Amino acid sequence: MDKKVKQIKSGFVNAMHFFIAVLVIVIVIAAIMITVYIPSVTSVLEEHVQGEVCNAAISNAAATEAYFNGNAEKLKGFSARFNGVDMNSEDSIRNACIEIAAASGFRHVGLATVNGVTISSTGLTENTSHRAFVKEGFAGKPTHYANVSCDFDNKLSDMYSVPVRDREGNIIGVLTGDSTPFSFTEVKMLGIDGDTDCFFIFDKNGSVVYTSAGNKADIKLGDNIVTRIDDENTANEIGYFLNSTLDDMYKPIKINGVEYLSCFVDMPESQWNFAAIIPSQDVYSSFGSMITFTVLAIVLMVLLMAASVIAVTVKISSVSSQLQVMLNDALTAYYTDELTGHGNVAVFREKYPVSMKNTAAGHAMISLDVDGFKAVNDLFGYEGGNEVIKKLAGVIKRNIGKNDYFARKGGDLFYIMKEFSDKSEIDDLANRIISDAEYQVPDIKLNLSIGIYIIENPNINSRVAADRADMARDTVKNTKQSRFAFFDASMLEQLRREKRIEDIMEDSLALGEFIVYLQPKYALGESNDVVGAEALVRWLHDGKLIPPGDFIPVFEKNGFVTRIDYYMFEEVCKLQKKYISMGIKPKIISVNMSRVHINKTHFVADLADICDKYGVSTKYLEIEITESAAYENPIKLYEIFKEIKSYGFHVSIDDFGSGYSSLNMLKDLPVDVLKIDRSFLTKNADEHENASLIIGCVVSLASSLSIHTICEGIETKEQAVLLTKLGCNMAQGFFFARPMPVPEFEKLAYGISA
Ligand code: C2E
Ligand code: MG
Ligand code: MG
């Protein structure tokens with residue numbers, strides 16, 4: 001049992017370890033997920049963002065450049081208009097300009113003449129010879145300037161200019177057209193993540209020429225991006241790019257501590273650079289919150305898992321401790337004798353093998369009981385009897401040593417395991433127990449029988465040791481005083497004999513070696529006729545006739561007695577059938593039935609079946625059951641007697657008075673015949689007035705209850721005379737006839753000669 005508790009405990013410990021291991025694994029997996037997931041998601045994200053930023057920058061740069069080219073080409077187309085114009089007529093020139101302005105959509109259109117003045121569609125004529133776009137126009141180069149103050153209304157404008165040539169290709173003027181400054185809304189822009197407020201056009205120095213963000217951006221019109229960048233290396237890198245003819249460059253930058261993602265794209269036609277510059281936070285914030293959400297979900301999962309593991313572990317440990325308490329209770333109950341509160345035989349099962357391992361000390365198995373404990377119960381009732389047993393347990397407990405243990409097997413039977421170094425210690429213990437029991441139970445004379453077996457071979461199991469102690473105890477039983485005895489070899493010889501009997505009993509029964517002897521029963525009184533007989537078994541083996549006393553006790557121990565009883569009963573039925581078929585009225589024959597039958601359910605019905613089988617009436621048969629059966633289970637005995645009678649059998653109590661029979665019992669039991677035990681008789685019974693007085697009482701009580709009496713063991717004429725005088729109905733004994741073989745009885749009782 002202890003082992004089981006340990007197993008269960010270790011099971012729970014393992015379960016807890018398992019749960020903790022699972023928890024650790026889950027945390028590790030979560031940590032790996034977080035450390036691997038975030039960087040990998042971030043790198044995918046960066047690639048994606050870079051792609052988006054660069055895509056937008058490249059595609060918007062192309063669209064913007066196309067828009068600018070469109071404007072320049074338009075102006076160039078209108079320059080041919082001046083071929084038919086009188087260049088010396090200011091009005092003619094102005095009219096052409098007004099026409100072109102109306103057709104082209106430029107705010108103002110002007111023609112700078114070779115003498116340095118510009119005649120415009122506004123009606124004004126201004127000297128513009130100092131203007132770069134005029135100079136460059138005369139140099140034959142079309143231009144596009146941003147953020148130019150208009151000469152006609154001083155507003156900031158985008159200024160386009162193209163040379164005007166005559167038919168010979170000579171430059172005869174420069175056509176200029178200004179428009180409101182470029183707005184990114186004029187071009188269909190590809191946004192970044194929906195955002196179109198992040199585009200810029202820089203000149204080669206890095207100054208902002210246009211911005212789609214207007215004043216919202218941190219980088220404003222006119223600002224120089226190169227000087228604004230926090231990190232000098234990055235600034236240089238970008239400055240270099242802006243001046244180069246490289247196509248595009250992606251670069252994360254920092255301005256005033258704020259991080260931006262940027263992509264610069266060369267605009268080869270306009271000599272500018274397009275750029276998409278967007279705060280990283282704007283791009284990453286949605287992804288950032290997605291990552292944060294995922295990480296939080298993982299952390300939450302881990303926490304939930306941890307919480308449930310902790311809850312399960314706590315639950316397991318609480319169930320485990322409850323179970324432990326239950327197991328401990330069960331364990332205590334398992335080893336405890338309910339009545340005495342001390343050990344029961346389970347203690348021996350557990351401790352005996354351990355004792356046997358300690359070969360340094362001697363060990364003795366002691367068997368102890370009270371002679372005729374039934375009398376104690378009769379006298380003091382069951383409660384009183386129980387008190388005596390408890391006191392006896394106390395006596396044993398007080399007197400055994402610290403390495404000794406004991407158990408109650410049941411009833412008044414105890415076993416003690418005594419550890420000793422000198423044999424005298426065992427004698428001392430037995431004597432102490434006997435005298436202490438006398439002292440503790442002064443009201444009753446307790447006769448203790450103590451049998452001791454010294455275990456010399458540790459391989460002998462506890463049952464064998466207990467059996468041998470029992471054998472020793474049997475030798476001091478019913479000596480009318482407390483005594484103890486040691487097991488000796490002769491007892492072992494008895495044991496071997498019993499074993500031999502067991503080995504051959506089956507075969508002997510099959511071979512018909514068990515034989516019916518009949519002892520006649522005689523009427524006492526006027527006639528001394530044979531009125532019946534008792535069937536007594538004999539075992540004829542190897543030419544020797546073995547008396548039942550040598551084998552019935554062995555058969556009672558191993559249960560074989562029930563087979564013998566049925567066999568005897570059947571043999572007697574056969575005899576009765578034979579007499580009936582011979583026309584003889586059979587005399588009642590009694591058959592002994594061991595008390596072992598009492599707890600067998602079909603016992604009486606089986607006997608009735610045997611009678612049926614031979615067609616013999618149950619009234620020719622008597623069942624003898626010994627008085628001692630009443631000690632064991634009086635209620636059951638009463639039921640059995642009733643059942644026997646209900647089938648019509650006669651029933652008798654055998655050996656009445658040999659033990660502690662109670663006369664009281666008689667008035668309750670449905671009995672036909674009382675067989676008074678021969679121990680009442682002595683050779684000269686009349687000299688013993690007490691005995692005759694008792695027999696007289698029993699006989700008259702029985703007769704008042706209509707129970708017949710038969711006295712067993714009548715050996716002398718005097719006894720026969722006395723019993724007749726005392727009113728006993730029948731007699732059985734050597735004085736009349738010994739148990740005899742069947743033919744002899746038949747001759748005696750029925751005059752049948754063989
Ligand atoms: P029991 O049933 O009390 O049988 C009477 C015993 O007393 C018989 O012993 C008988 O031989 C003996 N006896 C009769 N008259 C005298 C006498 O005057 N003096 C003395 N000293 N003895 C006398 P037995 O046949 O040896 O049987 C002994 C016991 O064995 C029986 O006692 C009975 O308890 C048991 N027994 C015998 N046969 C059977 C059987 O078939 N089945 C069972 N279960 N037990 C049986
Ligand atoms: Mg008998
Ligand atoms: Mg008897």
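Q: Which residues coordinate the magnesium ion (ligand 3)?
A: The idea is to look for donors, meaning N, O and S atoms within 2.8 Å of the metal (3.2 Å for Na, K and Ca); water is not among the atoms, so sites may look incomplete. Here Asp 654 (OD), Asp 655 (OD) and Glu 712, which appears with two OE entries, coordinate the magnesium ion (ligand 3) at 2.0 to 2.5 Å. Along the chain these donors follow the spacing D-D-x56-E.

Q: Before going on, how should I read the model and its numbering?
A: This is a predicted model, in which local features need pLDDT of at least 70 and side-chain atom pairs count only at pLDDT 80 or more, while totals for chains, interfaces and linings use all residues. Residues are numbered from 1 along each chain as its sequence is written, chains are lettered from A and ligands numbered from 1 in the order in which they are written, and side-chain values use heavy atoms, with hydrogens and water left out.

Q: Which parts of the chain does the ligand 3 pair link?
A: Strands are DSSP runs of E with at least two residues, and helices are runs of H or I with at least four, numbered from the N terminus. Asp 654 sits in strand S22 and Glu 712 in strand S24 (residues 708-712), 58 residues apart.

Q: Are Asp 654 and Glu 712 buried or exposed?
A: Buried means under 20% relative accessible area, exposed over 50%, and partly exposed in between (1.4 Å probe, protein chains only). Both Asp 654 and Glu 712 are buried, with Asp 654 at 5%.

Q: What are the protein donors of the magnesium ion (ligand 2)?
A: They are Glu 534 (OE), Asn 592 (OD1), Glu 624 (OE) and Asp 654 (OD), at 2.0 to 2.2 Å. Asn 592 is partly exposed, with a relative accessible area of 22%. Asp 654 coordinates both magnesium ions, ligand 2 and ligand 3, which are 3.9 Å apart.

Q: How much area do domain 1 and domain 2 bury between them?
A: The size of an interface is often given as the accessible area lost when the parts come together. Buried area is that loss (1.4 Å probe), summed over both parts. Domain bounds come from an automatic or database domain assignment, with domain 1 at 1-190 + 284-331 and domain 2 at 191-283. These two bury about 2300 Å², 69% of it on carbon and sulfur atoms. Val 53, Glu 65 and Phe 184 supply 25% of the area that domain 1 buries against domain 2, more than any other three residues.
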